[in-house]
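Reader: I am new to this structure. Can we go through it feature by feature?

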Amino acid sequence: MHDCVVIGGGPAGGSAAYHLARRGYDVVVLEKEHLPRAKPCRGCVSPRFTPWFDLDFTPVVTRHIHQVCLSWSLRDPLEVSLPQPLWMVLRPHFDQLLLEAAVARGATLHQGAEVTALLPVGQGWRITTSGQVFTARYLVLADGTLGRASAMAGFTHRVHQVGAGLEAQVTLDVPPREIAYLDLGWVRNGLAWSFPRANGYSVGVSVVRQTGRAELALQLRRFLRANGHIAKDCPVTAHPTFAWRERQALHTPDLRALRVGDAAALFDPLAGAGIGHALFSGLEAAKAIHLSLSGQAQAIPAYSALINHGLGRHLLGSRLLADLVYYNPKFSLHLLSASPGLLQTLASFVTSDRGHLGPLRGLALRLIP
Ligand SMILES: Cc1cc2nc3c(=O)[nH]c(=O)nc-3n(C[C@H](O)[C@H](O)[C@H](O)COP(=O)(O)OP(=O)(O)OC[C@H]3O[C@@H](n4cnc5c(N)ncnc54)[C@H](O)[C@@H]3O)c2cc1C
């Protein structure tokens with residue numbers, strides 16, 4: 001029986017596997033795709049996470065963002081400098097780097113291994129993939145928003161707010177400007193964006209409420225055209241997002257399975273960010289499993305409590321703020337342009353991975369019940 005099986009090889013699963021393997025545990029990662037696998041994602045992340053890993057991430061950083069430009073239907077641009085530059089990473093290579101680091105520390109990675117069934121057995125779980133059966137004392141459920149592992153492990157009650165993102169990859173011969181553009185006038189309940197990539201832009205639309213894919217695709221095509229891009233030349237991918245809605249248990253009653261990353265709805269709909277939270281939850285889940293394997297069974301509920309009281313509250317504030325901003329985007333932009341201090345606070349808020357709530361979250365929590 002393995003110490004732990006991690007289902008999913010994204011940032012959440014990679015982080016959990018890395019931190020368990022470096023402590024010497026017998027950990028297996030099951031990833032249904034083959035590496036490097038694509039994930040619809042701009043790849044914009046705050047480098048705050050780097051101290052959590054003894055790794056050099058710079059080979060997968062393609063751009064640095066120092067400025068954000070907000071606009072209304074591509075008019076009235078409002079520029080703000082970021083307190084910390086953000087990184088643009090290539091997701092397939094970022095995720096691969098993390099998994100390879102976990103393997104270098106002793107983890108075993110199975111690619112093309114889709115988990116199809118989970119069964120609690122004795123002191124652990126039996127995990128079935130298309131070709132093999134594994135047993136493990138602990139499970140890390142890191143299979144993102146499209147995975148079914150959480151449901152298979154018994155998390156049947158849905159406690160997240162469903163949104164979506166559609167991303168088009170625009171390739172250009174000239175280097176992109178290292179500014180992130182966010183437009184609040186293009187999409188209802190969300191925004192349109194353009195972020196620099198290695199050789200062009202990641203252009204997309206994202207919404208915080210359920211919206212038909214055809215409607216989003218139409219808005220994206222129009223946004224691409226308005227920015228001078230030829231829509232039919234840009235490959236488009238779509239993916240749901242799950243935003244945190246309320247307190248929830250992130251472990252099973254048997255204290256042997258934990259949810260992390262997008263599978264736990266740790267996506268920030270205001271910043272459009274989930275990578276940092278996925279890495280953080282993977283790190284904390286690994287710590288909890290380590291403590292539990294060392295005899296502290298309460299470490300598993302403590303993981304749920306930590307995420308609920310810290311990151312969960314941050315994400316709740318963020319979701320409420322996103323609702324406020326997207327409910328009346330024109331007024332929000334007007335308010336921000338009239339108050340540079342508020343704009344700077346918002347910039348600090350959206351670029352911090354967690355913890356930096358300030359007065360904005362308090363305001364949002366008060367305004368929306
Ligand atoms: C359009 C869009 C743009 C985004 N842009 C950003 C951004 O700029 N910055 C940011 O921080 N976040 C962004 N996000 C969010 C970010 O992509 C996610 O929060 C992040 O990928 C979460 O990581 P994860 O490891 O939890 O899940 P994932 O990255 O989704 O990884 C889950 C893994 O599990 C595997 N899997 C699923 N089911 C199974 C199974 N049954 N068996 C085995 N393996 C399985 C999948 O193949 C996948 O590799 C964006 C999201 C979208 C949709």
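Reader: How many residues of each class make up the shell around the ligand?

Author: Start by sorting the shell by class. This is a predicted model. Its ligand shell has 14 nonpolar, 12 polar and 10 charged residues.

Reader: Which residues of the shell come nearest to the ligand?

Author: There are 36 residues around the ligand. Glu-31, Arg-37, Cys-44, Arg-91 and Asp-262 come nearest.

Reader: Which helices and strands each supply at least two residues of the shell?

Author: Two helices and two strands, named from the N terminus on. They are helix H1 (11-21), strand S2 (27-31), strand S14 (236-244) and helix H5 (275-293).

Reader: How do I read polar contacts with the ligand?

Author: Look for N or O atoms of the protein within 3.5 Å of an N or O atom of the ligand. Take the side chains of Lys-39 and Arg-42. An N or O atom of the Lys-39 side chain is 3.1 Å from a ligand oxygen. For the Arg-42 side chain, the distance to an oxygen atom of the ligand is 3.0 Å. The backbone can take part too. In Gly-274, a backbone N or O atom lies 2.9 Å from a ligand oxygen.

Reader: How much of the ligand's exposed area does the protein bury?

Author: Compare the ligand alone with the ligand in place. Alone, the ligand exposes 1,000 Å². The protein buries 96% of that.

Reader: Where does the ligand lie relative to the domains?

Author: First, find the domains. Domain 1 is 2-63 + 85-159 + 244-367, and domain 2 is 161-242. Both give residues to the shell, so the ligand lies between them.

Reader: How do I describe the way the two domains meet?

Author: Use distance, contacts and area. The domain centres, taken over C-alpha atoms, are 23 Å apart. In contact are 25 residues of domain 1 and 24 residues of domain 2. About 2,300 Å² is buried between the domains, and carbon and sulfur atoms give 64% of this area.

Reader: Which three residues supply most to the area that domain 1 buries against domain 2?

Author: Arg-42, Arg-63 and Tyr-326. Together they supply 32% of that area, more than any other three residues. Arg-42 has appeared before, with its side chain 3.0 Å from a ligand oxygen.

Reader: What should I look for in the backbone?

Author: Look for exceptions. Most peptide bonds are trans, and most residues other than glycine have a negative phi. Here, a cis peptide bond joins Leu-35 and Pro-36, with omega about -5°. Pro-36 sits in the loop between S2 and strand S3 (44-45).

Reader: What is the phi of Asp-76, and where is Asp-76 found?

Author: Its phi is near 50°, a positive value in a residue other than glycine. Asp-76 is in strand S5, residues 75-89.

Note on methods: Residues are numbered from 1 along each chain as its sequence is written. This is a predicted model: local features need pLDDT of at least 70, side-chain atom pairs count only at pLDDT 80 or more; totals for chains, interfaces and linings use all residues. Side-chain values use heavy atoms; hydrogens and water are left out. A residue is near a molecule or strand if one of its heavy atoms lies within 4 Å of it. A polar contact is a pair of N or O atoms within 3.5 Å; within protein, one must be able to donate a hydrogen and the other to accept it, and residues adjacent in sequence count only if both atoms are side-chain atoms. Accessible areas come from the Shrake-Rupley method with a 1.4 Å probe; for residues, only the protein chains shown count as cover. Helices (H or I, at least four residues) and strands (E, at least two) are DSSP runs, numbered from the N terminus. Ala, Val, Leu, Ile, Met, Phe, Trp, Tyr, Cys and Pro count as nonpolar, Asp, Glu, Lys and Arg as charged, and the others, Gly among them, as polar. Domain bounds come from an automatic or database domain assignment. Contact means heavy atoms within 4.5 Å. Buried area is the accessible area (1.4 Å probe) that two parts lose on being put together, summed over both.
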